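Q: I have not looked at this one before. Can you walk me through it?
A: Yes, have it open while we talk.

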Protein chains: 2
Amino acid sequence: MKKRYSYNILFQFVTEVFFKIGCKKADAELIAEVLLAAELRGIPSHGLARVKTYLGLWEVGRITLNNEVKVVHETLSTATIDNGNGFGMLGAKKAMKLAIEKAKIAGTGWVSVLNSNHFGIAGYYAMLALKDDMIGITMTNASPLVAPTWSTSRFLGTNPIAVAIPAENYPPFVADFATTPIAQGKLSLIERKGKKCNKGFVQDKEGIPSTNPAILKQGGAIVPLGSDYEHGSHKGYCLGAIVDIFSSVFSGANFGPFTPPQVAFLPLSEKSTGLGIGHFFGAIRIDAFRPASEFKKSMDQWIETFKNAAPTAGHEKVLIPGEPEKQNTEYNLKNGIDVLPDVEVELIKIAEKYNVTIYK
Amino acid sequence: MKKRYSYNILFQFVTEVFFKIGCKKADAELIAEVLLAAELRGIPSHGLARVKTYLGLWEVGRITLNNEVKVVHETLSTATIDNGNGFGMLGAKKAMKLAIEKAKIAGTGWVSVLNSNHFGIAGYYAMLALKDDMIGITMTNASPLVAPTWSTSRFLGTNPIAVAIPAENYPPFVADFATTPIAQGKLSLIERKGKKCNKGFVQDKEGIPSTNPAILKQGGAIVPLGSDYEHGSHKGYCLGAIVDIFSSVFSGANFGPFTPPQVAFLPLSEKSTGLGIGHFFGAIRIDAFRPASEFKKSMDQWIETFKNAAPTAGHEKVLIPGEPEKQNTEYNLKNGIDVLPDVEVELIKIAEKYNVTIYK
């Protein structure tokens with residue numbers, strides 16, 4: 001008797017759970033809003049499935065509630081924020097808001113965050129810049145599961161990049177992607193179905209290409225975007241490294257292999273090179289380079305040009321980044337969110353444990 | 001009787017050629033310096049091979065000599081520069097210098113360039129920021145040869161990204177890569193050897209994967225980094241699109257399919273969406289986010305960590321971006337530059353045509 005849940009019901013539920021464990025109301029609402037933004041956009045790996053993992057991190061004392069979020073370094077166009085080991089959303093939203101304020105004065109604003117945790121989908125923060133006629137940029141480092149080219153060492157995360165760019169009449173261009181061929185969530189899904197994965201996603205502990213989606217549990221690693229050296233995986237390694245450095249060396253968070261895993265069942269690294277995980281945010285006023293009206297007109301023209309690219313056989317059209325996610329959002333707001341069966345079971349247990357009602 | 005040419009001999013030769021056609025001495029020297037930086041770093045596709053193509057563009061009137069380079073838009077941390085249709089190097093170097101000046105005051109500086117042409121290797125400009133204890137970033141759009149995922153339309157260039165990051169005791173981290181699995185120059189090399197290329201580099205005019213390195217002449221296209229949708233080519237498409245938008249929609253240059261080809265034998269697009277090709281430059285003070293000494297110490301630690309990653313069988317070690325190019329530079333400065341045989345023939349013809357001596 002599977003039924004879709006309305007956005008409002010889920011928002012209320014998630015808010016109440018985080019309020020119950022001791023978060024301030026506004027903080028609990030922000031966590032709910034970001035997790036549900038992922039569900040709306042059709043990225044359930046970063047949505048309600050994280051309620052259980054976030055609670056798990058809090059239960060073992062890895063996350064600080066009611067953390068102080070403070071600016072620790074600043075220039076006209078930049079700042080560094082210490083998130084006080086709180087939920088990633090709290091420092092991340094303040095960082096993007098500060099980047100936007102800096103951009104209003106300096107043309108651009110750039111904020112790095114240390115001492116943080118998983119912040120949900122990168123695209124949520126990048127998109128916050130759009131309403132002020134700005135481009136938004138987000139990066140974060142993440143649990144180390146990716147091996148550099150020619151290595152067996154799990155030294156990088158799937159380290160995503162998100163870029164949101166406003167247009168005039170078309171919806172914004174919103175790219176939000178991991179710097180690996182596949183996200184960890186999708187690998188788990190293949191594993192649960194008992195299937196093999198394509199070559200070019202993972203390698204075993206010796207660095208030999210594998211099709212076993214469970215190979216990460218046996219010392220294997222995800223490979224960088226490009227899959228192998230021949231196809232440019234060293235470029236994916238560069239990208240993942242740049243995201244790691246911008247997120248953690250700028251801010252003073254842990255980098256690479258020392259990035260704290262964002263699940264309670266994985267141990268922390270014995271060595272530390274900073275505090276928590278790190279993020280990086282940017283806001284660029286569209287009128288920082290040319291008049292806003294010209295920029296928007298040109299961006300509309302760009303989108304129209306690429307929408308009209310000739311599709312290959314079997315494909316209706318070429319996609320503009322962010323287009324499918326926008327359609328998913330509209331559909332899910334209207335028809336409700338289709339919660340994954342495993343996640344629904346988890347949420348019902350959480351509802352009982354924390355004595356919060358989940359309405360259907 | 002193949003012999004290596006010394007850097008100084010080649011620098012003098014290239015400078016004289018461009019001086020002879022009417023460039024100012026300083027401009028001719030800069031063109032020579034950038035082209036030879038590519039030779040030194042071991043990237044001959046962007047080195048002396050371009051002397052002939054640049055002259056070809058000038059001969060058909062596609063490049064303006066002694067162009068005016070002017071700032072046309074500005075904020076505290078940003079600017080847009082019109083390169084007056086001159087050689088790309090001229091506007092590019094001024095743009096990076098302006099980005100550095102902006103960063104001295106605002107923490108970061110970002111400059112877009114319109115009305116420009118091919119500027120050589122992206123890494124050259126990114127590295128200019130290093131001596132001021134800044135991170136340098138370069139992007140450019142390029143001749144349209146790459147099809148978006150699920151398309152047969154050649155709408156993007158190989159659109160490179162370069163990022164140079166200073167350290168304390170280690171050489172800087174310098175990433176400089178196309179957002180495609182293979183550069184066009186390497187494809188030509190495979191073709192000249194009469195070999196087939198790997199799957200995952202190019203597709204035919206119907207969008208079907210091909211192993212023919214000459215397929216671009218038959219309406220085929222290079223694919224984005226990731227090679228196919230299954231392996232994340234939509235992420236490579238996003239990257240190429242972001243570089244295109246930052247380089248051309250910011251500045252008002254031509255974007256995507258309208259980007260003027262940087263070889264004289266390919267016709268210009270009938271439609272124009274701006275002026276020339278576009279570039280984008282960034283400079284970030286390393287003390288914009290934390291004290292410089294802390295940043296450099298942490299960057300040294302990052303490099304040391306990744307240098308010590310466990311290599312896979314058959315590989316001695318994991319590479320830090322920029323390491324092989326630095327070794328090439330030291331070797332080539334000491335032992336001379338090994339000019340490609342085809343290119344040597346071209347240079348000798350150019351020496352005759354423009355009455356310039358090329359010493360051996």
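Q: Before anything else, what does buried mean here?
A: Buried means under 20% relative accessible area. Keep in mind that this is a predicted model.

Q: OK. How many residues of α7(B) are buried?
A: Of the 17 residues of α7(B), 16 are buried, so the helix is largely enclosed by the rest of the structure.

Q: And what length does helix α7 of chain B reach?
A: From first C-alpha to last, α7 of chain B, residues 233–249, reaches 23 Å. That is close to the 24 Å expected at 1.5 Å a residue.

Q: Switching to Ser227(B): where is it?
A: Ser227(B) sits in the loop between β9 (221–222) and α7 of chain B.

Q: Is Ser227(B) buried or exposed, and why?
A: Ser227(B) counts as buried because its relative accessibility is 16%, and the cut-off is under 20%.

Q: What is Ser227(B) in contact with, leaving aside neighbours within four places in sequence?
A: Its contacts are Pro181(B), Gly200(B) and Ser233(B), plus His231(A). With Gly200(B), a polar atom of the Ser227(B) side chain lies 2.7 Å from the backbone oxygen.

Q: New topic: how is chain B laid on chain A?
A: A turn of 180° with a shift of 0.0 Å along the axis lays chain B on chain A, at an RMSD of 0.0 Å. The two copies are therefore related as by a two-fold rotation axis.

Q: Which residue of chain B comes closest to the rotation axis?
A: Gly226(B), with its C-alpha at 2.3 Å.

Q: Through what do the copies meet?
A: They meet through the same surface, because 99% of the interface residues of chain B are also interface residues in chain A.

Key
Residues are numbered from 1 along each chain as its sequence is written. Chains are lettered from A and ligands numbered from 1 in the order in which they are written. This is a predicted model: local features need pLDDT of at least 70, side-chain atom pairs count only at pLDDT 80 or more; totals for chains, interfaces and linings use all residues. Side-chain values use heavy atoms; hydrogens and water are left out. Helices (H or I, at least four residues) and strands (E, at least two) are DSSP runs, numbered from the N terminus. The expected span of a helix is 1.5 Å times one less than its number of residues. Buried means under 20% relative accessible area, exposed over 50%, partly exposed in between (1.4 Å probe, protein chains only). A polar contact is a pair of N or O atoms within 3.5 Å; within protein, one must be able to donate a hydrogen and the other to accept it, and residues adjacent in sequence count only if both atoms are side-chain atoms. Contact means heavy atoms within 4.5 Å. Copies are superposed by least squares on the C-alpha atoms of residues with pLDDT of at least 70 in both.
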